[in-house]
Amino acid sequence: MFAARPPKLCIVIVVKKSLGEILTTFLFHIVQARISLSEPSFLFTAYYRSNLLHIVLRSLFIKNYALIEEIMVSFERGLSIITGETGAGKSILLDALALVLGERASTDFIRKGAEKAIVEAEFDLSGHKHIIKQIAEAGFDIDNNVLVIRRELTRKGTSRAFINDTPATLQILKHIGELLVDLHGQHEHQSLLYPERHIEFLDEYAGLHDEIEKFENVFDEFAAAKTRYDAILEDKDKSEHERNFLDFQLQEIAAAHPVKNEDVSVASELQKLEHSEELQAAAAELHSLLYENEDSVFGRLSAAEKLLAQLATYDSSFASQINELHTSLESIRELSHTVSRYTEHIESDPARLQELRQRELSLTRLKKKYGPSLDDVLALSNKLTSELGAGGSADELLVELAARLRTLQKKATALALVISEQRQKAAKKFEKQIVAELTTLGLEHASFIVRISSNEKESGKEFDSPVIVNNKICTASRTGIDRAEFFISANKGEEPKPLAKVASGGEVSRIMLAIKTVLSESEQIPVLIFDEIDIGISGRIAQRVGTAMKRLARKHQIIAITHLGQIAAFGDRHYAVEKQTKNTATTSSLRLLASAERDAEIARLLAGEQVTGESLDAARSLVKEAEVLAA
């Protein structure tokens, strides 16, 4: 197996393959590497991915970030515990992860003496079609349900982000990061701090996905019809002007002569021409590496074939391998010829390049104005042709659209009222379950309230909103007419206040743990990362928190940084953050602990640096007790 980068911890899976299969795989990676090379040197990795139903952070790679020189760590589903001494670098891990999830970058985090810091996270999205669809709609391809996010910082102050090797803006990265991870601690990357996200939790609990999807469809249809209605109404006394306007749109589209999927083919050809020099150089170098050089792969394997033949002369057990090696030689010969022919067809064509750029610009403008997609532009062209051919007046169109808008209003209002009613009912049950969970987690006197509100206007235009209740216009969004915000009081006798303003970091983490426990059946729960969830708790309350995390981790991946042995005892895996000083350089590393090491680490958390037989016995007892509590 090849490793992506020299890992501190590596699990090797040996798979029996033929020599031909191994060489073919190796050569495929060589081709891929030489064409998309972005760093001086690298190796390859193959990850084992199980078919999981929840988002899983599979691996985290950090290089030259703060005290971390280089870390490559693999994670699995379940509950992963991270511990370490104060100042060892636990918070740096979370800072790095927050960075790859879209937090703003600073050159201060680049390790001293390094020119670039890199953080890369790989996620398994198996079973999450909804999230995969959102990411695809943002313009990023996903193969085999795997998403790799990479962030790079340089001393020059530049910051680059990539999603599956495609450049991404910070805004898109942050949005996608919010879908993947809920990070609770000293970071802003936690959804409970944003009141606008609260209604999402309530809707998940109420199971309103289908109802909201229906409302969204009606809402969007109403918005499109309203836009059209307003455009025609603006010129209702100028029907001829309207027809001229439609004709102008049609002629503008026709003048560009767009063809179905033309934007895709133009972009593909443009990419090849823009990178013709790189393609030429990579292909030529690959051909030399495979076949032409004195020390080529073909030459070496040819020599190997002769040696293998000699071995087979004296030991017949080698005879069966000769054909495999010969097949590999033929594969390399064919590949080198293919690359050679490919080189002959690569050429620089400045005129064609300029032509393609102009065409891409023309199609982009067309899509921006009439799209968003080229199919939408072509559909609009057909629609305009039909409307102009029908010769209908602006007044006729207004009557038709007004009738359509009223029909949509009735449908949207009915759906919105059903959704609101279900939210109100669900909120009461949700509040009770959250309070029960908070009590279990040590917040015995907490009160939790979901406040649902909506806005109504006393007056306005008929089609200002898709929802009209009791002849009053209601402000609506794509999720309905409601807003929801969580209010909490952590202490007895206190008036509940907005959650984002009153809860401490540890309380927010426990509240989120309670919410996620209540929502544990939902497939939309992202990876949960808890830092400082143990603030202000100890003993039995810590065990309750650990029990809750352990049970939730049976369905959703959880990573928790803790200082308490009572919580650490519940981990399926235990990692230790360690700080080392060599000469004048200090580095932090992350290491997966074996069973005995885990016991010693829990004992250290219980008794301090001096681990004794008694503290080890106490640690083992905690682990056994955790197994019973979480059963």
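How do helix 17 and helix 20 lie to each other, oblique or parallel? Here are a few notes to help you find your way around.

1. A word on confidence to begin with. This is a predicted model, and its protein chain has an average pLDDT of 81. A score of at least 70 is reached by 86% of the residues. Please read residues 1-52 with care, as pLDDT stays under 50 there. For that stretch the model has 72 contacts beyond four places in sequence.

2. Now to the opening question. Helix 17 covers residues 539-552 and helix 20 covers residues 613-629. Their axes come within 10 Å and cross at roughly 55°. Angles from 35 up to 65 degrees fall in the oblique class, so helix 17 and helix 20 are oblique to each other. The crossing of helix 17 with helix 20 is right-handed.

3. If you would like to see who meets whom, look in helix 17 for Arg540, Gln543, Thr547 and Arg551. Their partners in helix 20 are Leu622, Glu625 and Leu629. Sorted by class, this contact has three charged, two polar and two nonpolar residues.

4. Another pair to visit is helix 8 (residues 262-274) and helix 12 (residues 350-370). Their axes come within 10 Å, with a crossing angle of roughly 145°, and the crossing is left-handed.

5. On the helix 8 side of that contact you will find, among others, Glu262, Asp263, Val266 and Leu270. Helix 12 brings residues including Arg352, Leu356, Arg359 and Lys367. The contact of helix 8 with helix 12 counts nine charged and seven nonpolar residues, with no polar ones.

Methods
Residues numbered from 1 in each chain as written. Predicted model: local features only at pLDDT ≥ 70, side-chain atom pairs only at ≥ 80, totals over all residues. Heavy atoms only, no water. pLDDT = per-residue confidence, 0-100. Contact = heavy atoms within 4.5 Å. Axes fitted to C-alpha atoms, helices over the stretch in contact; angles between N-to-C directions. Helix = DSSP H or I, 4+ residues; strand = E, 2+ residues; numbered from the N terminus. Parallel < 35°, antiparallel > 145°, perpendicular 65-115°, else oblique. Left-handed = near helix turned anticlockwise from the far one by under 90°. Nonpolar A, V, L, I, M, F, W, Y, C, P; charged D, E, K, R; others polar.
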